[in-house]
Amino acid sequence: MPWTRRLILVVPLIGFLGLALALAWGMSRNPTAIPSALIGKAVPQFSLPPVKGRTLGLSSADLNGQVSLINVFASWCVACREEHPVLMQMKADNVVPIRGLNYKDLPDNAARWLNTMGDPYTRTGADMNGRVAIDWGCLRRARDLRGHQGRPHCVQANLRGDAGSS
């Protein structure tokens with residue numbers, strides 16, 4: 001059998017095996033897990049002014065000594081609108097103090113969002129340039145195929161001020 005004929009038989013076999021290995025590796029991963037470099041580490045130091053129309057900003061010192069949920073949100077975030085009723089219910093049920101980190105939002109838009117949708121937050125910091133969210137490991141995801149913005153994910157802090165992804 002000439003070498004070209006052998007090559008015609010071997011190349012598809014190698015391609016199939018490579019594809020099978022890639023699929024097997026993908027099947028072993030948990031698609032719902034959001035990796036975080038901050039799990040088990042101290043909360044990054046920060047201090048943010050309040051969102052327009054609010055009196056209490058947010059700083060790392062506000063997170064010491066109690067369990068709280070830090071929700072990263074923005075008025076332009078489609079998924080944030082969908083999850084907002086859950087946060088409002090958590091506030092009504094007094095599940096845990098909820099702190100808001102407003103990510104890269106215009107001051108008027110953030111204020112309008114909270115005034116219209118309701119404010120579940122005990123403190124809300126305006127992260128205008130996104131630096132604090134980046135330090136926390138939160139990044140806005142790219143637009144999806146329909147052009148909708150992705151969603152920054154939530155982070156919670158425990159009693160020691162360690163960070164964990166949720």
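In this predicted model, C77 is buried, with a relative accessible area of 1%, and C80 is likewise buried, with a relative accessible area of 2%. These two cysteines are joined to each other by a disulfide, in which the sulfur atoms are 2.5 Å apart, and a search of the whole structure finds one such bond. The torsion about the S-S bond of C77 and C80 is about 80 degrees, and the disulfide is therefore right-handed.

C80 also belongs to the buried residues of helix α2, which are C80, H84, L87 and M90. The helix itself spans residues 78-92 and does not run straight, since a bend of about 35 degrees is found at H84, with a proline, P85, following within four residues. The buried residues of α2 pack against the strands β3 (68-73) and β4 (98-103), and also against helix α3. Just after α2, the backbone at N94 adopts a positive phi of about 55 degrees.

H84, the residue of helix α2 at which the bend is located, has a relative accessibility of 2% and therefore counts as buried, the limit for that class being under 20%. The side chain of H84 reaches the backbone oxygen of G118 at a distance of 2.9 Å. When neighbours within four places in sequence are left aside, the residues in contact with H84 are W113, M117, G118 and P120. Of the residues in this set, G118 is thus the one whose backbone oxygen is reached by the H84 side chain at 2.9 Å.

Four salt bridges are present in the structure. In one of them, K52 is paired with D108, and the closest N and O atoms are 2.2 Å apart. This pair links distant parts of the chain, for K52 is found in the loop between β1 (47-48) and β2 (58-59), whereas D108 is found in helix α3 (residues 107-117), and the two are 56 residues apart. K52 has a relative accessibility of 45% and so counts as partly exposed, and D108, at 41% relative accessibility, is placed in the partly exposed class as well.

Another salt bridge is formed between the side chains of R54 and D119, with a distance of 2.7 Å from N to O. Because R54 lies in the loop between β1 and β2 and D119 lies in the loop between α3 and β5 (123-127), this pair ties together parts that are 65 residues apart in sequence. Both R54 and D119 are buried, whereas K52, which is also located in the loop between β1 and β2, is partly exposed at 45% relative accessibility.

A further salt bridge is local in sequence, the side chains of D135 and R131 meeting at 3.0 Å from N to O. D135 and R131 both lie in helix α4 (residues 131-135), where they are four residues apart, about one turn of the helix. D135 is partly exposed, with a relative accessible area of 34%, and R131 is partly exposed too, with a relative accessible area of 44%.

Methods. Residues are numbered from 1 along each chain as its sequence is written. This is a predicted model: local features need pLDDT of at least 70, side-chain atom pairs count only at pLDDT 80 or more; totals for chains, interfaces and linings use all residues. Side-chain values use heavy atoms; hydrogens and water are left out. Buried means under 20% relative accessible area, exposed over 50%, partly exposed in between (1.4 Å probe, protein chains only). The bend at a residue is the angle between axes fitted to the seven residues ending there and the seven starting there. Contact means heavy atoms within 4.5 Å. A disulfide is a pair of cysteine sulfur atoms within 2.5 Å. A polar contact is a pair of N or O atoms within 3.5 Å; within protein, one must be able to donate a hydrogen and the other to accept it, and residues adjacent in sequence count only if both atoms are side-chain atoms.
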